[in-house]
Amino acid sequence: MKDLMRIKCLISQDIETLLNQQIKKEAHSSSLYLSMASWCNQNGYDYSADYFTKQSEEERMHQLKLFKYVLDMGGNAISPEVTGIKTDFAGFREVFEDALEAEIAITQSFKNLASRCHKEQDFVTMEFLNWFLKEQREEEYKARRALELFEVIGEEGTGRWEIDKHVNKITYSED
């Protein structure tokens with residue numbers, strides 16, 4: 001029966017494995033953003049705590065979207081165990097540096113997955129992944145802009161407070 005199910009699956013075993021790895025990466029990102037939200041909250045950066053909480057919710061939504069896709073294609077979606085989440089940061093800026101690094105890594109992971117889909121001529125999954133590639137453009141933009149606030153505003157005096165206040169106002173427009 002298991003072999004019959006594999007035949008009826010619309011994605012290859014390799015693509016399914018890569019999608020499940022991506023599910024785990026999204027779960028890790030969601031947990032990391034919650035950890036960042038907690039650190040910001042504990043250190044008095046309330047707006048940034050809200051920003052990272054929203055980011056965590058987005059990553060969780062990405063995880064579930066991938067999970068559902070694997071199931072819809074007849075595959076076996078795996079609910080991942082998430083461990084090794086960083087909980088301590090040297091400072092406010094480091095939180096945003098780590099967020100940008102995480103987004104860049106996620107983008108690269110999606111690009112690798114898309115490349116594999118192209119190689120296998122899995123155009124259905126490729127079309128599905130286009131939404132994530134577009135989303136990553138927005139995620140990286142917002143992470144970069146947040147980090148740029150440290151250069152534009154500076155951290156001295158009330159700088160960190162101003163940065164915290166502006167983080168939630170960062171938006172992305174394709175126009």
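These notebook entries record what I looked up in this predicted model.

**Entry 1: the annotated span**

I began with the UniProt record, an unreviewed entry, which places the feature "domain: Ferritin-like diiron" at residues 9-154. In the model, I found this span to be 79% helix and 0% strand. The C-alpha atoms at the ends of residues 9-154 are 53 Å apart.

**Entry 2: helices H2 and H4**

I next looked up the dimensions of two helices. H2 covers residues 13-42 and has 30 residues. From its first C-alpha to its last, H2 reaches 44 Å, close to the 44 Å expected at 1.5 Å a residue. Just after H2, I noted that glycine 44 has a positive phi of about 85°.

H4 covers residues 92-120 and has 29 residues. H4 reaches 43 Å between its first and last C-alpha, close to the expected 42 Å. Glutamine 121 follows H4, and its phi is also positive, near 55°.

I then asked how the two helices are placed against each other. Two packed helices are described by the angle between their axes and the distance between the axes. For H2 and H4, the angle is about 170° and the axes are 11 Å apart. An angle over 145 degrees counts as roughly antiparallel, so H2 is roughly antiparallel to H4. I sorted the residues of the contact of H2 with H4 by class and recorded 16 nonpolar, three polar and seven charged.

**Entry 3: helices H3 and H5**

I repeated the check for H3 (residues 46-72) and H5 (residues 123-152). Their axes cross at roughly 170° and come within 12 Å. H3 and H5 are therefore roughly antiparallel to each other. On the H3 side, the residues in contact include Tyr51, Gln55, Glu59, His62 and Tyr69. On the H5 side, they include Phe128, Trp131, Phe132, Glu139 and Ala143. By class, the contact of H3 with H5 has nine nonpolar, three polar and six charged residues.

**Entry 4: the annotated binding site**

Which residues does UniProt list for "binding site"? The unreviewed entry gives Glu26, Glu59, His62, Glu103 and Gln136. I asked whether they are scattered or gathered in the model. They span 111 residues in sequence, yet no two of their C-alpha atoms are more than 12.8 Å apart, so they gather at one spot.

I examined two of the listed residues. Glutamate 103 lies in helix H4. Its relative accessible area is 2%, so glutamate 103 is buried, the cut-off being under 20%. Leaving aside neighbours within four places in sequence, glutamate 103 touches Tyr33, Gln55, Glu59, Gln136, Glu139, Glu140 and Ala143. Among these contacts, Glu59 and Gln136 also appear in the binding-site list.

Glutamine 136 is in helix H5. It is buried, with a relative accessible area of 2%. With the neighbours within four places in sequence again left aside, glutamine 136 is in contact with Glu103, Ile106, Thr107 and Phe110.

**Entry 5: glutamine 63**

Finally, I looked up glutamine 63, which is found in helix H3. Is this residue buried or exposed? Its relative accessibility is 7%, so glutamine 63 counts as buried. Not counting residues up to four places away in sequence, glutamine 63 touches Ile23, Glu26, Ala27 and Pro80. One of these contacts, Glu26, is named in the binding-site list from UniProt.

Terms used:
Residues numbered from 1 in each chain as written. Predicted model: local features only at pLDDT ≥ 70, side-chain atom pairs only at ≥ 80, totals over all residues. Heavy atoms only, no water. Helix = DSSP H or I, 4+ residues; strand = E, 2+ residues; numbered from the N terminus. Buried < 20%, exposed > 50% of the residue type's maximum accessible area, 1.4 Å probe, protein only. Contact = heavy atoms within 4.5 Å. Axes fitted to C-alpha atoms, helices over the stretch in contact; angles between N-to-C directions. Parallel < 35°, antiparallel > 145°, perpendicular 65-115°, else oblique. Nonpolar A, V, L, I, M, F, W, Y, C, P; charged D, E, K, R; others polar. UniProt positions renumbered as here; feature names shortened; annotations may be inferred. Expected span 1.5 Å × (residues − 1).
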